[in-house]
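User: I would like to learn how to read burial, contacts and surface patches in a model. Could you take me through some cases, one after another?

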Amino acid sequence: MTKAERFRHVIQWFEENRPIAETELHYTTPFELLVAVILSAQCTDKRVNMITPALLMQYPNPQAMAKAEPEDIFPYIRSVSYPNNKAKHLSNMAKMLVSEFHSEVPDEVSDLIKLPGVGRKTANVIASVIFDKPAMAVDTHVFRVSNRIGLTTNSKSPLQTELELIKYIPEPLIAKAHHWLILHGRYVCLARKPKCNECGLTPYCRYYQTMQKKASDTIKK
């Protein structure tokens, strides 16, 4: 199976079986999603959704959060991973939005990555979810699932994975494909023990085919 064929089959399966795929982070404005994505780094969406209501009630927009110092924000986010760093990021991110972007979340990745706490993955999430741009955010799930299935070939970095994926995924589907891969990795293609018996992608999955061959070879011995 060629790589193009594998992509075509995988995309077709997702379109037929996962027509709705979107972020599990709760938000109502671009600013709220930006805050949530910054907090979600190495933390579950479930945990982030638990703490953002109180945080955003206190600091509902960039202007309000820009007036807060990290020590003001910390109590609201103490239960997430790396709360000290994230409190600093949120405070400084809001200050930059106010001072350099007229309190508006920018729509270009090149501008988004200037914000404290915003790397390429976070910028791509905002660009794709809020502004419907063909940006592929690569987190640990996307990285793992892409390599396992065989959509990428021994990718060594998130950027390499991103470039390989957008090369083969039709532009109108890139934003949704990001969520397809994340959700598949979160609930089916688990890191330690993938649920291959529940997965509809096994006919096109390089990992599954390899494991089946190993099992067959073992029986023959």
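**Reading burial, contacts and a surface patch**

Analyst: Let us begin with Ala-137, which lies in the loop between helix 8 (120-129) and helix 9 (140-149); please keep in mind throughout that the model is a predicted one.

User: Is Ala-137 buried or exposed?

Analyst: Relative accessibility is what decides this, and buried means a value under 20%. Ala-137 has a relative accessibility of 0%, and therefore counts as buried.

User: Which residues is Ala-137 in contact with, once its neighbours within four places in sequence are left aside?

Analyst: With those neighbours set aside, the contacts of Ala-137 are Lys-121, Asn-124, Val-125, Val-142 and His-178.

User: How should I read His-179 in the light of that approach?

Analyst: His-179 belongs to helix 11 (residues 174-187), and because its relative accessible area is 9%, it is classed as buried. Apart from its neighbours within four places in sequence, His-179 is in contact with Ala-21, Glu-22, Thr-23 and Val-129.

User: Which residues form a nonpolar patch on the surface?

Analyst: A patch takes in residues with over 30% relative accessible area. Here the nonpolar surface patch is formed by Leu-159, Leu-163 and Ile-166, which together have about 240 Å² of accessible area.

User: Where does Ile-166 lie, and what is its relative accessible area?

Analyst: Ile-166 lies in helix 10, which covers residues 158-168. Its relative accessible area is 32%, so Ile-166 is described as partly exposed.

Definitions and conventions. Residues numbered from 1 in each chain as written. Predicted model: local features only at pLDDT ≥ 70, side-chain atom pairs only at ≥ 80, totals over all residues. Heavy atoms only, no water. Helix = DSSP H or I, 4+ residues; strand = E, 2+ residues; numbered from the N terminus. Buried < 20%, exposed > 50% of the residue type's maximum accessible area, 1.4 Å probe, protein only. Contact = heavy atoms within 4.5 Å. Patch = residues over 30% accessible without salt bridge, like charges linked within 9 Å, V, L, I, M, F, W, Y side chains within 5 Å. Areas by Shrake-Rupley, 256 points an atom, 1.4 Å probe, with all protein chains shown as cover. Salt bridge = Lys/Arg side-chain N within 4 Å of Asp/Glu carboxyl O.
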